[in-house]
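Biologist: I am new to this structure and would value a close look at one part of it, the salt bridges. Please set them within the chain as a whole, and proceed step by step.

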Amino acid sequence: MALVTSVEGRNGGNTANKRKNVADMNNDLSDKREKCSESEKREAMSASSLGTLRLMLVCLHRLDITLSRKMSVCADKNSGFWRTIMIVLEISGHGVPWIIAALFSILVFTDSRQEFACNLLLALLMDLVIVGGLKVVVRRERPVYNAKDMFATVSVDNYSFPSGHSTRAVMVAGLFAVFLVREVWSILIGCWAVCVSASRVILGRHHLSDVFFGVMIGLLQCGVICAVWIPNPTCEELLKLLPFFGTLRDHIGIYGRGN
């Protein structure tokens, strides 16, 4: 009888252990299901967020294309007088005239105007590098209705993002606004920058988003140049390192000596 009782006790203990193991397994499975469920929910929410973002970007892109097309009222070569005005603004915002003007001012002046010209040249070169690099990386095509008659272009100018005229005009206007004493001139050059930027869409050269980000980049570049502004004595020392600079300056003539 004692033996039977002992066997039954062991069987009862084994049964209890089995039930406990089964319960533990069920609990583990339940935990795994809950974790899987939470993971699936997170993935579903993430996919939903990405889908919403993608939809918003598509809508913004379509709006950008539509508005840009409607605003390109002078894209046609037969647009007449107003297209001529837009072309003049285009040339006024091109990098070549500004770089030539900056170099000439560096040669001619030795006072604060030389200081401004040196920093302006640095800004223009920085703008060329940044805008050119972004155009190569992004490779956004220009609007299909853009006429192929742009002033002094190179291969990288076949791309649209960002608008180099907008970055340059806003940056130059910002630097002049800081440098010029008379407020009226700052307002005038600010209006010029706005007109140059607007002309890029009106001529059909760029989309609205190209110009918008161009303006933002131009403001950022202006801030960078103001932060690293090179004083005139340093400009003079750097210019002395250039071969034949002194001789060339003597031939052209110097203004502002002693100011």
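Modeller: A residue is called buried when its relative accessible area is under 20%, exposed when over 50%, and partly exposed in between, using a 1.4 Å probe and protein chains only. By that standard, 35% of the 259 residues of the protein chain count as buried. The model is a predicted one, in which local features need pLDDT of at least 70 and side-chain atom pairs count only at pLDDT 80 or more, while totals for chains, interfaces and linings use all residues. Residues are numbered from 1 along each chain as its sequence is written, and side-chain values rest on heavy atoms, with hydrogens and water left out.

The chain holds nine helices and zero strands (DSSP runs numbered from the N terminus, with H or I of at least four residues for helices and E of at least two for strands). Its pattern along the sequence is accordingly written α-α-α-α-α-α-α-α-α.

Now to the part requested. Side chains of opposite charge can pair when their charged atoms come close. A salt bridge is here a side-chain nitrogen of Lys or Arg within 4 Å of a carboxyl oxygen of Asp or Glu, and the structure holds seven of them.

One of these joins arginine 205 to glutamate 90, with 2.8 Å from N to O. Arginine 205 sits in the loop between helix H6 (183-202) and helix H7 (208-227), and glutamate 90 belongs to helix H2 (residues 81-92), so this pair ties together parts that are 115 residues apart in sequence. Both arginine 205 and glutamate 90 are buried.

Another pair brings together the side chains of aspartate 111 and arginine 113, with an N to O distance of 2.7 Å. Aspartate 111 counts as buried because its relative accessibility is 6%, whereas arginine 113, at 36%, counts as partly exposed.

A further salt bridge is formed by arginine 168 and aspartate 127, at 3.6 Å from N to O. This pair links distant parts of the chain, since arginine 168 lies in helix H5 and aspartate 127 in helix H4, 41 residues apart. Arginine 168 has 8% relative accessibility and therefore counts as buried; aspartate 127, at 0%, counts as buried too. Salt bridges with shared partners also join Asp64, Arg140 and Asp210 into one network.

Aspartate 127 offers a way into its surroundings. The C-alpha atom of aspartate 127 is separated by 9.8 Å from that of cysteine 222, although their positions lie 95 residues apart along the chain.

Helix H4, where aspartate 127 is found, also takes part in a pocket. A pocket is an open set of points on a 1 Å grid over the protein atoms alone, where a 1.4 Å probe fits, with protein on both sides within 12 Å along at least five of seven lines; lining residues have an atom within 4 Å of a point. The second largest pocket has about 250 Å³ of space, a volume being the space filled by probe spheres set on the points. Its lining has 14 residues, of which Ile106, Cys118, Leu121, Leu238 and Leu239 lie nearest the centre of the pocket. Helix H3 (95-108), helix H4 (112-138) and helix H8 (232-240) are the elements that give two or more residues to this lining. H4 gives the most, with five residues. The lining of the second largest pocket divides into 13 nonpolar residues, one polar and no charged (Ala, Val, Leu, Ile, Met, Phe, Trp, Tyr, Cys and Pro count as nonpolar; Asp, Glu, Lys and Arg as charged; the others, Gly among them, as polar).

The loop between H4 and H5 deserves a word as well. Most residues other than glycine have a negative phi, and most peptide bonds are trans. Arginine 139, in this loop, has a positive phi of about 55° although it is not a glycine. Arginine 139 counts as partly exposed because its relative accessibility is 47%. Proline 162 lies in the loop between H4 and helix H5 (164-179), and a cis peptide bond with omega of about -5° joins phenylalanine 161 to proline 162.

Finally, the C-alpha atom of serine 163 is separated by 7.7 Å from that of phenylalanine 213, 50 residues apart along the chain. Phenylalanine 213 is found in helix H7, and at 40% relative accessibility it counts as partly exposed.
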